[in-house]
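Student: Could we go through the cysteines and the charged side chains together? I would like to see the reasoning behind each answer.

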Amino acid sequence: MMERNKAFLAPILERVDSFGRTRVSAATHAASFVDAEGRLAPVIHLGRTISPAEPSCLETLTKLNVLSDGRMTPCCGDIDGVLELGRMERTIDEVWNSPATLALHRAHFTHRLEDYDYCRHCLGVDIDPARGLVPRGPLEGTRPIG
């Protein structure tokens, strides 16, 4: 498996500043991340208030994730490529500056997530016409971390 991972990463290593791996439960489809101490830590967004002064999600504004088939997504939790922004056949700059990526960035800066069901589900929010993004509360089957 390690040799397969190295072969997959070889073409992109010179173009990235860091990389990591996300473990995903096949049973729950929930992502777990390795924390600074090397422990697995599940990340579950419960409904929360999103400040109008901040983007609704920093992950999508700072990262491109590469799936094993070469598709690029803005979110390490998007293991199915729902938010596919491009493929490894294009350069990272081309994908980062593409209309799809810029629209996603704009949506998170303005909190206009009507076209991004995946993001709303991850953030645990719904759209209220009068109030904008509002907390949904815990998703069925999830539990807070801690």
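Tutor: Happy to! Buried means under 20% relative accessible area, exposed means over 50%, and partly exposed is in between. Keep in mind that this is a predicted model.

Student: Is Arg-87 buried, partly exposed or exposed?

Tutor: The relative accessible area of Arg-87 is 31%. The partly exposed class lies between 20% and 50%, so Arg-87 is partly exposed.

Student: Which residues share a salt-bridge network with Arg-87?

Tutor: Let's start from the pairs. Arg-87 meets Glu-84 in a salt bridge at 3.9 Å, N to O, and Arg-87 also pairs with Glu-89, with closest N and O atoms 3.5 Å apart. Glu-84 is partly exposed at 34%, while Glu-89 is exposed at 64%.

Student: And what about Asp-117, which residue does its side chain meet in a salt bridge?

Tutor: Asp-117 lies in helix α5 (residues 117–123), and its partner is in that helix too, 3 residues apart, about one turn. The N to O distance is 2.5 Å, and the partner is Arg-120. Returning to your network question, shared partners join Arg-87 with Glu-84 and Glu-89.

Student: Why does Cys-119 form no bond with the closest cysteine sulfur?

Tutor: A disulfide needs two cysteine sulfur atoms within 2.5 Å. The closest cysteine sulfur to that of Cys-119 is in Cys-57, and it is too far away for a bond, at 6.5 Å.

Student: How many disulfides does the structure hold, then?

Tutor: Cys-119 is buried at 6% relative accessibility, and Cys-75 is buried at 11%. As for disulfides, the count in the structure is 0.

Methods:
Residues are numbered from 1 along each chain as its sequence is written. This is a predicted model: local features need pLDDT of at least 70, side-chain atom pairs count only at pLDDT 80 or more; totals for chains, interfaces and linings use all residues. Side-chain values use heavy atoms; hydrogens and water are left out. Buried means under 20% relative accessible area, exposed over 50%, partly exposed in between (1.4 Å probe, protein chains only). A salt bridge is a side-chain nitrogen of Lys or Arg within 4 Å of a carboxyl oxygen of Asp or Glu. Helices (H or I, at least four residues) and strands (E, at least two) are DSSP runs, numbered from the N terminus.
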